[in-house]
Amino acid sequence: MAIVEVKVPQLSESVADGTLLTWKKKPGESVAIDEILVEIETDKVVLEVPAPSAGVMAQIVKNDGESVLSEEVIARIDTEGKAQVSPLEVKAVVAAAPAAATPAATSSKGDVAMPAAAKLLAEAGMTAGAVAGSGKDGRVTKGDVLAAVAGGAKAAVPAPVAVPVAAAVAKPLPAVAPPAAINLGDRPEQRVPMSRLRARVAERLLQSQATNAILTTFNEVNMAPLMEMRKRFQDKFEKEHGVKLGFMSFFVKAAVAALKKFPVLNASVDGNDIVYHGYFDIGIAVGSPRGLVVPVIRNADQMSFADIEKKIAEFGQKAKEGKISLDDLTGGTFSISNGGTFGSMLSTPIINPPQSAILGVHATKDRAVVENGQVVVRPINYLAMSYDHRIIDGREAVLGLVTMKDALEDPSRLLFDI
């Protein structure tokens, strides 16, 4: 027997532990190499644990819902083992087979089983008399038992004497308790525990509000020039780069332009120090089935519009499939939250610590505005930038948002870096 241990993947320094979700394999079942055995939920992402080797699941060390640490052994695989037929399945086959006694089975020697066969019979909850023996003097062999299981097991007696199934079946995994429901007639309630990711998001949001002096400044953007440019080039852009031209790449580029002009917007607080970052890693808030995540576009200032759009599409797909990695979420110097995707008109985004500012983007709607003394209809988007007033003064915040507004209302500025 060769045993291979299944261990928890290496977690990042910011992730202390994780919680096992639901095992996809049980002891005795066959396992293929790289087959996903279980998922581990951390306070940032959900990690998949693949099988390090092919074989048979020999033991589950940690059950569903238990907490685990990096490199901790959670299961063992027997690489030389063979999957066994469940005793329950064997008994079902035997019970369904016609009861037909044979002389060999009822002879005095027919009730004798060879040692290997006796073990299989015990596991299956059968007696030697239930299987016709082909060995010397009618003894039951291992092959007879296997043939009986595979071929329908023509019983030699009306009903086999069953042994307690609990002694043969592996210890079952604990069932995941359903959400507690309270029956209040036509006013029901349901209590559901927070996932680790949801609990961590809640913790960080409270931390942000408790430690940052958050203030929000607003401005409005006439999106008509940007929408016109996008409409003009979107077909050629998609044909050339294989990805659609969205608005988010423009918001990222506009944000980078403002961060370059006002570096404190790209800074963070470390104790009594202000850390000015000489790079531009932009976090993009993405909703996933398990909660909010903020993957990071690294060195956004060095990326083309196509590169940014491809990265955003990749993050969106990963979030949908629950495959955002810890590396995707690490770092970030500034964030953008696009509530407009869901139809939000206006909001005050919460800073993603340890960052010091975040841009909130909203739905673009036709609104009446005044231009040159005339009331006209324009597609307007309200921008909101929340910032940490401890290190960012109102002047830098307001002028930074104005820089973004100017870049979006005249997209050619982004091409010439002005």
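In this predicted model, E71 is partly exposed, with a relative accessible area of 39%. The residue lies in the loop that links strand 7 to strand 8 (73-78). Although E71 is not a glycine, its phi is positive, at about 65°. A second residue with these features is N299, which is likewise not a glycine and has a positive phi of about 50°. N299 belongs to the loop between strand 17 and helix 8, and its relative accessible area of 33% places it in the partly exposed class.

The loop between strand 17 (296-297) and helix 8 also contains Q302. With a relative accessibility of 63%, Q302 counts as exposed, because the cut-off for that class is over 50%. Q302 and F280 are separated by 22 residues in sequence, and their C-alpha atoms are 8.9 Å apart in space. Another loop, between strand 18 (334-338) and strand 19 (357-361), holds P354. The peptide bond that leads from P353 to P354 is cis, and its omega is near 5°.

The two strands that flank the loop of E71, strand 7 and strand 8, take part in the sheets described next. Strands of a sheet pair through backbone hydrogen bonds, in either a parallel or an antiparallel manner. One open sheet is formed by four strands in the order 5-4-2-7, with antiparallel pairing. Strand 5 and strand 7 (67-68) occupy the edges of this sheet; each has a single partner strand, so one side of each is left without a neighbour in the sheet.

Within this sheet, strand 4 (residues 36-41) is mostly covered, as five of its six residues are buried. Strand 4 runs antiparallel to strand 2 (residues 18-20), to which it is joined by two bridges. In this pairing, T19 stands opposite E41 of strand 4, while L20 has I40 of strand 4 as its bridge partner. Strand 4 also pairs with strand 5 (residues 46-50), again in the antiparallel sense, and this pairing comprises five bridges. Here the bridge partner of I36 is P50 in strand 5.

A further open sheet consists of four strands in the order 1-8-6-3, and its pairing is antiparallel. Its edge strands are strand 1 (3-7) and strand 3 (30-31), each of which pairs on one side only. Strand 1 is matched with strand 8 through five bridges in the antiparallel sense. As part of this match, I3 has D78 in strand 8 as its bridge partner.

Packing between helices is illustrated by helix 7 (residues 248-261) and helix 8 (residues 305-321), whose axes lie 9 Å apart at an angle of about 115°. The crossing of helix 7 with helix 8 is right-handed. On the side of helix 7, the residues in contact are M248, S249, F250, V252 and K253, and these meet F305, I308, E309 and I312 of helix 8. By class, the residues of this contact comprise six nonpolar, one polar and two charged.

For the chain as a whole, the model contains eleven helices and 21 strands. The chain has 418 residues, of which 39% count as buried. Among contacts with a separation of 6 or more, 65% are made by residues 24 or more positions apart in the chain.

The confidence of the prediction is expressed by pLDDT, which averages 81 over the chain; 77% of the residues score at least 70. Over residues 96-110 the pLDDT is below 50, and this stretch has 26 contacts in the model beyond near neighbours in sequence. The pLDDT also stays under 50 over residues 153-176, and for this segment the model has 45 contacts beyond four places in sequence.

Technical notes: Residues are numbered from 1 along each chain as its sequence is written. This is a predicted model: local features need pLDDT of at least 70, side-chain atom pairs count only at pLDDT 80 or more; totals for chains, interfaces and linings use all residues. Side-chain values use heavy atoms; hydrogens and water are left out. Buried means under 20% relative accessible area, exposed over 50%, partly exposed in between (1.4 Å probe, protein chains only). Two strands pair if DSSP finds at least two bridges between them. pLDDT is the predictor's confidence in each residue, from 0 to 100. Contact means heavy atoms within 4.5 Å. Axes are lines fitted to C-alpha atoms, for helices over the stretch in contact, and angles run from 0 to 180 degrees between N-to-C directions. A crossing is left-handed if the near helix is turned anticlockwise from the far one by less than a right angle, and right-handed if clockwise. Ala, Val, Leu, Ile, Met, Phe, Trp, Tyr, Cys and Pro count as nonpolar, Asp, Glu, Lys and Arg as charged, and the others, Gly among them, as polar.
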